Structure formats: structure tokens, C-alpha cells
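The exercises below go with the sequence and structure that follow. Work each task on the coordinates before reading its solution.

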Amino acid sequence: QQHRDELGTFLADGDRGGQILKLLQKVGEQLEAQRGEIAAELEGLRRHVEHVKAVVRSQQEAAKSGGVIENVALPTVVDDALRLVQDSLDKHRIEVVREEVATGEVPVDRHRLLQIVVNLVGNAAQALRDHDGPRRITVVVGDVDGAPQITVRDTGPGVLKEIGDRVFRYGFTTKKDGHGFGLHASALLARELGGQLRLEPPVQGEGATFVLRLPARMAEAS
Ligand SMILES: Nc1ncnc2c1ncn2[C@@H]1O[C@H](COP(=O)(O)OP(=O)(O)OP(=O)(O)O)[C@@H](O)[C@H]1O
Ligand SMILES: [Mg+2]
């Protein structure tokens, strides 16, 4: 305080002043970087909370009334879904590979779609958690025959041919901690979106592959 008036001279002159300026600049840069990180975390948290709110809301409404249709970039839904299962992906050292072919935006109920993708990546993570061998989930987003699709594939044990489409039945589970709700609900949600959820026929030595097909795009107005 005493030397406040001399601060300018002190900073401008001599070695010490120069060093303090450099130090202050560094501190400033670090604060700036941290602010960026915190902002990103907050954004993630905000989306998370929004999703939870939407899930609760949609359950309360008993999914009777139609959802909100907005233009959605599908990869952002995959981002959100992966974020929601991030803990178990980390814990079980599961690698995620993403393949995205530009699909543009798709008019869809974002929260219904997110619930489906969360169920699919959640199941994939559960199939891999005790799996020996590669633990990898591949999520592919792209248009197939004019219809946007999200494919979730894993390197787990897969679904036995004898079981097949029974995985979609209400209450069908093979897990100690399972309820058999996820895929049943997801198949219904997919239908509500005007799309379809299917299990690919098993391939020897490969894990499970689920394909969510959304409604074909309208032809572009010209
Ligand atoms: N990726 C997968 N790999 C192998 N089996 C799977 C996979 N996804 C689903 N299944 C099989 O389908 C069953 C039903 O899945 P679903 O998500 O409906 O229920 P759950 O995961 O058992 O329980 P919940 O989702 O209610 O917690 C699972 O118990 C499992 O046997
Ligand atoms: Mg499940």
C-alpha cells in the first residue's frame, strides 16, 4: 500500500518489474485456460441436467403426447450418450471408435433418440465389462439409402442366434442386475420416432450390432 504510487515505476523499471509482469501474464494465461475448461464442463453438465429433466418429464407424461421435434445433428446425440456412460467406459477401459459421415441435421425428438442411444451404448458397455479380449464400442452415424442411421457395435460375446429378437421382449434379461426394460423401451421409442431398431444377425466371433434406422429424409425442396 505504502508504495502504491511507485508501482508503475517499479513495474516498468528494472529486472524485478519485468519478471513480475511475465509472472502476471502467465497467471493470466492459466486462468484463461481454466476458464475455458470450466465453461466446457458446465456446458456438459447443463446438457446432462436437461436430459435428466426431459427423461423425468417424458415419464410423467407417460409418453402419450408427441415429443418436441427439432433439427438435430446426430453426432451431438452420440456425444451426450457417451458422456452419460463415460464412467463405466473409463472404469472398464472400453475404447470407443466413432465413424461419422455427414448426415446434416435430422428432424427428430432429441430426448427420445438420446434414450435409445444411451440404452444401446449402456448395453454394449455391460457386455464388455467382464470381457476378455478387445473391449471396443464402434458407433457409426450415416445415411443409408436416404435414411439416417445410428449403428452401435461392440466386441463383446454377442447375442446367441437362439435368443435373437427375444432381446426386445419386455423383461427379457440375462443379467444379474438387469431388468430387461432397455431394449423393449428402445424399440418402442424407435417406433414413436417413425423409425426402427433391429439386431443384426450374429456373425461368428463378433459382438452384437444394433441398428437404429430413422425415417427416410424428405426429398429436398428445389
Ligand atoms: N450389446 C449386447 N451384447 C450382448 N447381449 C446384449 C447386448 N445388448 C442386449 N443384450 C441382451 O439383451 C438383453 C436385454 O437387454 P435390455 O437392455 O432390454 O435389458 P438389460 O440390459 O438386461 O436390463 P436393463 O436395460 O433393463 O437394465 C440383455 O440382458 C442381454 O442378454
Ligand atoms: Mg439394458
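Is Asp145 buried or exposed, and what is its relative accessible area? Asp145 is exposed, at a relative accessible area of 71%; buried means under 20%, exposed over 50% and partly exposed in between, with a 1.4 Å probe and protein chains only.

The model is predicted, so that local features need pLDDT of at least 70 and side-chain atom pairs count only at pLDDT 80 or more, while totals for chains, interfaces and linings use all residues. Residues are numbered from 1 along each chain as its sequence is written, chains are lettered from A and ligands numbered from 1 in the order in which they are written, and side-chain values use heavy atoms, with hydrogens and water left out.

**Exercise 1. Backbone in two loops**

Task: give the place and the phi value of Asp145, then do likewise for Arg93.

Solution. Step 1: locate Asp145, which lies in the loop between S4 and S5. Step 2: read its phi, which is near 50 degrees, a positive value in a residue other than glycine. Step 3: turn to Arg93, in the loop between helix H4 (86–91) and strand S2 (95–100). Step 4: its phi is near 45 degrees, again positive in a residue other than glycine. Step 5: check the accessibility of Arg93; with a relative accessible area of 69%, Arg93 counts as exposed.

**Exercise 2. Secondary structure and overall dimensions**

Task: state how many helices and strands the chain has, and set its radius of gyration against the globule rule.

Solution. Step 1: assign helices (DSSP runs of H or I, at least four residues) and strands (runs of E, at least two), numbered from the N terminus. The result is six helices and seven strands. Step 2: write them in sequence order, which gives α-α-β-α-α-β-β-α-β-β-α-β-β. Step 3: take the radius of gyration over C-alpha atoms and apply the rule of 2.2 Å times the number of residues to the power 0.38. For 222 residues a compact globule would come out near 17 Å, whereas the chain has 25 Å. Step 4: along the principal axes, the C-alpha atoms fill a box of roughly 85 × 50 × 40 Å.

**Exercise 3. Surface, contacts and charges**

Task: what share of the residues is buried, and what share of the contacts with a separation of 6 or more joins residues 24 or more positions apart?

Solution. Step 1: of the 222 residues, 32% are buried. Step 2: count contacts as heavy atoms within 4.5 Å; the pairs 24 or more positions apart account for 69% of those with a separation of 6 or more. Step 3: compute the accessible area by the Shrake-Rupley method with a 1.4 Å probe. The chain exposes about 14600 Å², and carbon and sulfur atoms supply 53% of that area. Step 4: place the charges at NZ of Lys, CZ of Arg, CG of Asp or CD of Glu, with Lys and Arg positive, Asp and Glu negative, and His and the chain ends not counted. The mean positions of the 29 positive and 33 negative charges are 6 Å apart.

**Exercise 4. The largest nonpolar core**

Task: how many residues does the largest nonpolar core have, and which have the most contacts inside it?

Solution. Step 1: join buried Ala, Val, Leu, Ile, Met, Phe, Trp, Tyr and Cys residues through side-chain atoms within 4.5 Å. The largest such core has 40 residues, and Leu113, Ile137 and Phe210 have the most contacts inside it. Step 2: list the elements that give two or more residues to this core; among them are helix H3 (74–84), helix H5 (110–128) and strand S4 (136–144). H5 gives the largest share, nine residues. Step 3: beyond four places in sequence, Leu113 touches Leu74, Val77, Val108, Ile150, Leu193, Leu212 and Leu214.

**Exercise 5. Two buried residues**

Task: which residues does Leu120 contact beyond four places in sequence, and which does Thr209?

Solution. Step 1: Leu120 lies in helix H5 and is buried at 3% relative accessible area. Its contacts are Val152, Leu183, Leu197 and Phe210. Step 2: Thr209 is placed in strand S7 (residues 209–213) and is buried too, at 12%. Thr209 touches Thr151, Val152, Arg153, Arg198, Leu199 and Glu200.
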